[in-house]
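Here is a short set of questions on charged side chains. Look over the model before reading on.

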Amino acid sequence: MASHQFICFLAMISLMIINISANKACHPDDLKGLNDFKAGIHSDTSGRLSKWIGQDCCNWPGISCNSTTNRVVEIYLPGHYVSGDDESPNFVSSTMSGSISPSISLLTSLEVIDLNKLVGLTGQIPESIGVLKNLKELNLQTNQLSSTIPESVFTLTSLTTLNLENNHLTGEISENIGNLQALQKLFLSNNSFTGKIPVSITKLHSISTIHLEKNQLVGEIQLPLSPAAQWPLIKTLALDSNALTGAIPDSIGYLTTLSSLSISNNQLTGPIPSSLGNIKQLQILKVNNNNLSVEMLPTTICGLTELSVLYVSQNKIHGPLPGCLSSFKYLLDVDVPFKRTATLPLGVHKQ
């Protein structure tokens, strides 16, 4: 009898071990998607992918899973990261070379893909990425990705962050970018995008950060046309080093939450709009190296008391620097082309 009970006990233990192992195993689609991603990478100086062994992918380096469904929700493999514990952190700089496998679309619960600053990712962003409807963050910055942004990216309506800067991407920015209503941060700088800034970008009412600088964009600056259609959360607008033309829209004054405006190194004409004075939180204003033409800066600039950086040189501005700037206690960096009448605060650097 005792022997029979012992055999039953062993059977129960074995069954429990099998169940635990089964619970630890990744979903087959997740496992295939990750293994195909690994197969597409032919060099990994960090060694993280070499530890992708077995079927318990939720414990693999850089992988996080939902505790309830056990589905993969995050791929976090940046080039710069911290290993070790809080008491003895180790700051690591690494690279990966290869391409992003289209099989990444098998990980249908993904919320985050962060492969930033790996330097060596090449090829195209897979069109199949558009099936990842739960994706909130796509960060592929500082790699060597090429071709255009797949149209499927603009169907990812849960995206809050799209960071593709510092790659070799080309083509026009699709008007379908306006579909990304949850988007808060947009980084497309330092690529080779051409064409006009899409009008639909003004529909991104959750946006706080827009970086489109260092491309080959042409046409006029696109901004919301009325207070009702404004970007209520906008903090940073960077459009410098393109080939933008036309005037600075007077509607710039609707962006009252803006703290940084950089539109230098373009071909902008006309005056500096007096409506800039509405942006009381503005800290950085760079409009240098354009074809702006005005006798003097608008007096409304005297309301921008939070300014720390002011670049207006290499334009057709001939009048004196407003005397009010001498009272700007945060102003540390000024680049102006004309004789100044104000005594600037101690420490100001005039280029």
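A salt bridge is a side-chain nitrogen of Lys or Arg within 4 Å of a carboxyl oxygen of Asp or Glu. This is a predicted model, where local features need pLDDT (the predictor's confidence in each residue, from 0 to 100) of at least 70, side-chain atom pairs count only at pLDDT 80 or more, and totals for chains, interfaces and linings use all residues. Residues are numbered from 1 along each chain as its sequence is written, and side-chain values use heavy atoms, with hydrogens and water left out.

Q: Which side chain of opposite charge is nearest to Asp44?
A: Asp44 is buried (under 20% relative accessible area, 1.4 Å probe, protein chains only) and has no salt bridge. Lys and Arg count as positive, Asp and Glu as negative; His and the chain ends are not counted. The nearest opposite charge lies 4.8 Å away, and belongs to Arg48.

Q: Which side chain makes a polar contact with the side chain of Asp44?
A: A polar contact is a pair of N or O atoms within 3.5 Å; within protein, one must be able to donate a hydrogen and the other to accept it, and residues adjacent in sequence count only if both atoms are side-chain atoms. At 2.6 Å, the partner is Ser46.

Q: How many residues apart in sequence are the parts that Asp30 and Arg71 tie together?
A: Their side chains form a salt bridge at 2.9 Å, N to O. Asp30 lies in helix α2 and Arg71 in the loop between β2 and β3, so the parts tied together are apart in sequence by 41 residues.

Definitions and conventions
Buried means under 20% relative accessible area, exposed over 50%, partly exposed in between (1.4 Å probe, protein chains only). Helices (H or I, at least four residues) and strands (E, at least two) are DSSP runs, numbered from the N terminus.
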